[in-house]
Amino acid sequence: MKARTLAATTALCLLTCASASAHWLYVSNEKDDTLSVIDTETNELIDTIKVGERPRGITFSGDYKYLYICASDSNAVQVYDIAAKKIIHDLPSGDDPEQFALAPDNKHLYIANENDALATVVDVDSRTVVAQIDVGVEPEGMAVSHDGKWAIVTSETTAMVHWIDTATNTLIDNTLVDQRPREAQFSADDKELWVSSEIGGTVTVMDVATRQIKKVIDFAISGVSRDTIQPVGIRLTKDGKWAFVALGPANHVAVIDRATMEVANYVLVGRRVWHMALTPEGDKLYTTNGVSGDVTMVDVASQKPEKTIKVGRFPWGAAMLPKDKIPQ
Amino acid sequence: MRASWTQGLAFSVAALLGATAMPAHAQGSLAISITYLEKKAEHPPTLSNFDLIPDDEGLAGARLAIKDTNSTGKFLKHSYALGEVVKESGGDILAEARKALDGGPKIAILNMPAADALAIADLPEAADDLLFNAGAYDTALRDDKCRRNMLHTLPSRAMLADALMQFLVKKQWTRIMLVTGHYPTDEALGEAFRNAAKKFGVTLNADKPWLADADIRRNAMQEVPLFTQDADYDAIVAADEENQFATFFQYNSWQPRPIMGSAGLMTLAWSPAMEQWAAIQLQDRFNAFAKRKMDSIDYASWLAVRSVGEAVTRTRSGDVAAIRAYLLGDQFGLDGFKGSRLSYRSWNGQLRQPIALASRDALVTLAPIEGFEHENTELDTLGLDRPETKCTGME
């Protein structure tokens, strides 16, 4: 009820206010079939949007006009029009899409099909499948390098990082990492690839040029059993200073100093933290906390949790809409 | 267009092996063979259609795990193959085991009653082998009857019983009626429930054997109210591994009390109802592969093959002693789709794992239950901890 009232207020403001003063955070609620929208200045929920079944991965188009949503149980990637505030069509996605990554050409979407051991490449304009690539069992994490050369898939049961050459959409190399690799992220300069291993309890940093492992980062939190430290989401700040790793049921986010590749701090957030999003300035980090059904705002400078925002059931994915891209 | 594996494979293996600094001996291909040895246990006739034991119980889990493990292996030039020996309950599994385990260190999965598993472990041919007990819940195999060459992927009855008692304490349903069947497996489970009740402070307000041999399906409504009315308690815990009565106690007790243990709220290594922690992925894969649901025995065999695969992948070695050492070491961790990293207890070779408390169609929770603490890992609140075991000679 509260969400609806707030949404109405926002709609009013959209009609009358000159420009948005804050970025909007979009969060997918896996067990509510909704998205929650949070104003990052007031840190309040401003809208709840009904989407397809079991939304997980979400990502914006390069021009921020559309939000792509992996509706896993609807077996579709839905395209949500930000200005029109509605789902305009589905993309062919293959079965059970979980995560995806948009290539910098803003045209090719790389989708992990968890049940089929496949990666599907979709042309978002023609809405057709361009390629399907066999990968390991239970593909999950997806990343495309900023220069567009590499697409990365992690496969959970196979415990591997698969390197796909985007020019030919063929598998070029495979790197063994610790058990249940989840998320993959390229550094802003494409020199490093970061991959989290949920059951291995580690993060592997790879050198992209040689595809060699540079460092395996381990975690230890006093009073928290090692079994519950299960890294999933990774976010790297644009300035290259920090890496944030969501540690799942350990209920903490690890802060890693990129220069030393050592853990600098652990920040307590909500229960079963999955994924994160940073503001464009990199001053605030938002975490989705699945079990507690909320989002924690962490101040990047002080590395302290500052605010908890209640969202829907089982929040999972997070994506940030910069304020200058919010439709007037 | 569908880019093929093999196209990239020649490339990828060469690139991977070339790029990684590995000792020369580890660069060659490895062929790992695992023997699956099964002797079917003798069971009384099944009463409920839900309790029919699939013909390929256990074997299907091992076969699927071979497929899963080869998905990593194909990138590393490691291949895994399963040898299969299945004997009916009267069969001579020992003779088959002698043949299969003869000549050098071997890896085998044993899905059979405890006595047969022990006899195989004690064969001279098996002295330097690595055996996985994936069919016997007997706590003694992890205790005074433990063997250096035997690990256990199936939980012990002590682990199953501890899980249920933690749940009862959490719910504050700490007064129970224990009903134990008359088969040796039932009695062993009943004893595990008694020990666990003592360990966690649960009171047995009644402790009765169920001796009836008549078909309970025709008389439960007459017999069970009488049987359950002479004490007050919060729950009925049934030790009925042979599935002869517990499920028919449901809705037939004198007072409205839940049934737990072998029916109602069951304590299990694996439940087909599990979906969290990516369990749905394994369930879907198993359903598609075996055309039926996965159970605890399938899961234990699946875990045994996956353990070997993980050790071979990480050590890049097919040496049985090296695999055993890695499995029992600190570095080993296995993804068992139960939300925790699974590892072996170095003192008795038992795979630590959460236990499912589930009805036939829904998972209620996984034990260890929150609040039961342990200095090392909460998983060690289930079953025999290091100070409790009489097992020596594993380390």
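These are numbered notes on a predicted model, covering one helix of chain B, several charged residues of chain A and the enclosed cavities.

1. Helix 4 of chain B. This helix spans residues 114-121, and 6 of its 8 residues are buried, so the rest of the structure largely encloses it. The buried positions are Ala114(B), Asp116(B), Ala117(B), Leu118(B), Ile120(B) and Ala121(B).

2. What surrounds helix 4. Its buried residues pack against one helix of chain B, helix 3 (93-101), and against strand 2 (30-39), strand 4 (107-111), strand 5 (130-133) and strand 6 (150-152) of that chain.

3. Glu138(A), position and burial. Glu138(A) sits in the loop that runs between strand 11 (128-134) and strand 12 (139-144) of chain A. Its relative accessibility is 1%; because buried means under 20%, Glu138(A) counts as buried.

4. Glu138(A), contacts. The side chain of Glu138(A) makes a polar contact of 2.4 Å with the side chain of Thr157(A). Once neighbours within four places in sequence are set aside, its contacts in chain A are Glu114(A), Thr154(A), Ser155(A), Glu156(A), Thr157(A) and Arg180(A). In chain B, Glu138(A) touches Ala278(B), Gln281(B), Arg285(B) and Phe337(B).

5. Glu156(A) and Arg182(A). The count of salt bridges over all chains is 45. One of them joins Glu156(A) to Arg182(A), with 3.3 Å between the closest N and O atoms. Glu156(A) lies in the loop between strand 13 (150-155) and strand 14 (160-165) of chain A, and Arg182(A) in strand 16 (residues 181-186) of chain A, so the pair ties together parts 26 residues apart in sequence. Both Glu156(A) and Arg182(A) are buried. Glu156(A) is also among the residues in contact with Glu138(A).

6. Glu192(A) and Lys214(A). These two form a salt bridge in which the closest N and O atoms are 2.7 Å apart. Glu192(A) belongs to strand 17 (residues 192-197) of chain A and Lys214(A) to strand 19 (residues 212-218) of chain A, so parts 22 residues apart in sequence are tied together. Glu192(A) is buried, at 10% relative accessibility, whereas Lys214(A) is partly exposed, with a relative accessible area of 44%.

7. Glu262(A) and Lys215(A). A salt bridge of 3.2 Å, N to O, links the side chains of Glu262(A) and Lys215(A). The pair connects distant parts of the chain, with Glu262(A) in strand 23 (residues 262-268) of chain A and Lys215(A) in strand 19 of chain A, 47 residues apart. Glu262(A) is partly exposed, with a relative accessible area of 42%. Lys215(A) also counts as partly exposed, at 23% relative accessibility.

8. Cavities. The model has 4 cavities of 30 Å³ or more, and the largest cavity holds about 80 Å³ of space. Chain A lines the largest cavity with Thr157(A), Thr158(A), Ala159(A) and Gln179(A). Chain B lines it with Thr69(B), Thr72(B), Arg306(B), Gly309(B), Glu310(B) and Thr313(B).

9. Make-up of the lining. Helix 2 (59-76) and helix 10 (296-315) of chain B are the elements that give two or more residues to the lining of the largest cavity. Helix 10 of chain B supplies the largest share, 4 residues. By type, the lining has 1 nonpolar, 7 polar and 2 charged residues. Thr157(A), one of the lining residues, is also the polar-contact partner of Glu138(A).

Definitions and conventions. Residues are numbered from 1 along each chain as its sequence is written. Chains are lettered from A and ligands numbered from 1 in the order in which they are written. This is a predicted model: local features need pLDDT of at least 70, side-chain atom pairs count only at pLDDT 80 or more; totals for chains, interfaces and linings use all residues. Side-chain values use heavy atoms; hydrogens and water are left out. Buried means under 20% relative accessible area, exposed over 50%, partly exposed in between (1.4 Å probe, protein chains only). Contact means heavy atoms within 4.5 Å. A polar contact is a pair of N or O atoms within 3.5 Å; within protein, one must be able to donate a hydrogen and the other to accept it, and residues adjacent in sequence count only if both atoms are side-chain atoms. A salt bridge is a side-chain nitrogen of Lys or Arg within 4 Å of a carboxyl oxygen of Asp or Glu. On a 1 Å grid over the protein atoms alone, a cavity is a set of points where a 1.4 Å probe fits but cannot get out, and a pocket is an open set with protein on both sides within 12 Å along at least five of seven lines; lining residues have an atom within 4 Å of a point. Grid points are joined across faces, edges and corners, and a volume is the space filled by probe spheres set on the points. Ala, Val, Leu, Ile, Met, Phe, Trp, Tyr, Cys and Pro count as nonpolar, Asp, Glu, Lys and Arg as charged, and the others, Gly among them, as polar.
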